[in-house]
Amino acid sequence: MSAGDQRTLRDAFYRDPYPHYARARRADGLTWIPEAEAWLVARDDDVREVLRRAEDFSSANALLPDVPVSEAALGVLARGFGPRPTVVSSDGAAHRHYRTPLNQGLAPGRVDAVLPYAREQACELLDAFASDGSAELVGAYARRLPGLVIGRLIGLDPADVPAAVHGGYRAEELLFRPLTPSGQAAAAEDVVALQVLLDGYVRDRRAHPREDLCSDLVAALAPGDGELTLEQRHELVANLQNLLIAGFLTTSALISTALLHLLGDREQWSLLCSDPLVTEAAVEECARFDTAIQAFRRVTTRPVTLAGTRLPAGAAVLVAYASANRDEQRHAGADRFDIRRPVDRRHLAFGHGPHTCPGARLARAQLRLTLELFSRVLPGLRLDERCPPPSMRPTLIHRSPQTLHVTW
């Protein structure tokens, strides 16, 4: 099979993986997915087992690129900061080392303290188009609010947030989308620009620490007050870049996908507008039904048996949170989107075990305030039927509509 054919199959799988998930949940054992070149872990119990057994199922390949990076792009990236382990791609003691400052920086008190700013920014974004009668919500809102919020927590100057968000999306394109060699080189230039920007913040916080996540990371990963070594800067930039991208990419996907499903069902949108008490249930149902992070890769560290399937050491597995969230053994009527369900946080939209998302509280809060704001200010909001139906981005890392045209 040619690389182009493989890419076509993979994109089709990424755009609509749910039929694959359903077949895999019904099958005996695990199912090999050639599109992802991995064993699909699809049932809720099996997903939870993998996530609990980090010693057997390592996260080292969690962010394995889908496409090879060209020599031209590698030459550009060499001018920036090299890849280093992060909280997403490490296990055991190293994972705890990277995670500790994130747990502190995203603790309930820190999140609650940033929410007034998040509401203020959400209102400003909405005000910018509220009188227009129509909008494209991914670009006008969903891609912007999470960047502003995580930027505030990290300690970025608001003027730097657009460039930081742009660089984050370009990093995703470079590693997971098919680009020409020159296109990859151009994306790499944007990634290096982001790294240089973050390195400036890292070195500034070493000299002038503040009450922000950037300072927390510097203090945790490079204890002391001496000048940072080059290796410390590489490690800090990698982890700060991971935090930034994780902070806006998946929350943006969560917001836009939630609005897509709510606006696609007038009865449920009307219910949300008329009864604010269902907002909490709506947040959980949106996260469960069409999960932003569909799956992460894991690799076996030794021969193991899972769901009756014998796997050798080094086997690639695709741990599908989104499939577990459609498992009828865990959620009744799992393929039905229904915000009238009782509030239920047993889903796996934010992971499970050691790698549970430390930013789950922040993501939930941004979706909740978005639903409260839009249902109050624009109760007549609906999908714009003059535009083609939304199509989903071909990715498992931040499943979301490419565009979301609405009118009111």
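In this predicted model, strand β2 (residues 38-41) runs parallel to strand β8 (residues 316-320), and three bridges join the two. One of the residues involved is Trp-39, whose bridge partner in β8 is Val-317. Both strands belong to an open sheet of five strands with mixed pairing, ordered β1-β2-β8-β5-β3. At its edges are β1 (31-33) and β3 (57-58), each of which pairs on one side only.

Helices pack on this sheet. Helix α2 (residues 18-26) lies across β1, β2 and β8, at about 75° to β2. Helix α3 (residues 44-52) touches β2, β3, β5 (295-300) and β8, and its direction makes about 120° with that of β8.

Helix α2 also helps to cover another helix, α14. Of the 11 residues of α14 (residues 279-289), 10 are buried, so this helix is largely enclosed by the rest of the structure. Buried here means under 20% relative accessible area. Among the buried residues of α14 are Ala-281, Val-283 and Phe-289, and also Glu-284, Glu-285 and Arg-288. Besides α2, the cover includes α12 (230-263), α13 (266-274) and α16 (360-377).

The largest nonpolar core has 109 residues. Helix α12 gives the most to this core, with 14 residues. Leu-137, Tyr-141, Ile-154 and Phe-374 have the most contacts inside the core. Tyr-141 shows how distant parts of the sequence meet: leaving aside neighbours within four places in sequence, its contacts include Ala-122, Phe-129, Ile-255, Leu-369 and Phe-374. Apart from this core lies another, of 16 residues, which include Phe-13, Ala-36, Ala-42 and Ala-322.

Definitions and conventions: Residues are numbered from 1 along each chain as its sequence is written. This is a predicted model: local features need pLDDT of at least 70, side-chain atom pairs count only at pLDDT 80 or more; totals for chains, interfaces and linings use all residues. Side-chain values use heavy atoms; hydrogens and water are left out. Two strands pair if DSSP finds at least two bridges between them. Helices (H or I, at least four residues) and strands (E, at least two) are DSSP runs, numbered from the N terminus. Contact means heavy atoms within 4.5 Å. Axes are lines fitted to C-alpha atoms, for helices over the stretch in contact, and angles run from 0 to 180 degrees between N-to-C directions. Buried means under 20% relative accessible area, exposed over 50%, partly exposed in between (1.4 Å probe, protein chains only). A nonpolar core is a set of buried Ala, Val, Leu, Ile, Met, Phe, Trp, Tyr and Cys residues joined through side-chain atoms within 4.5 Å.
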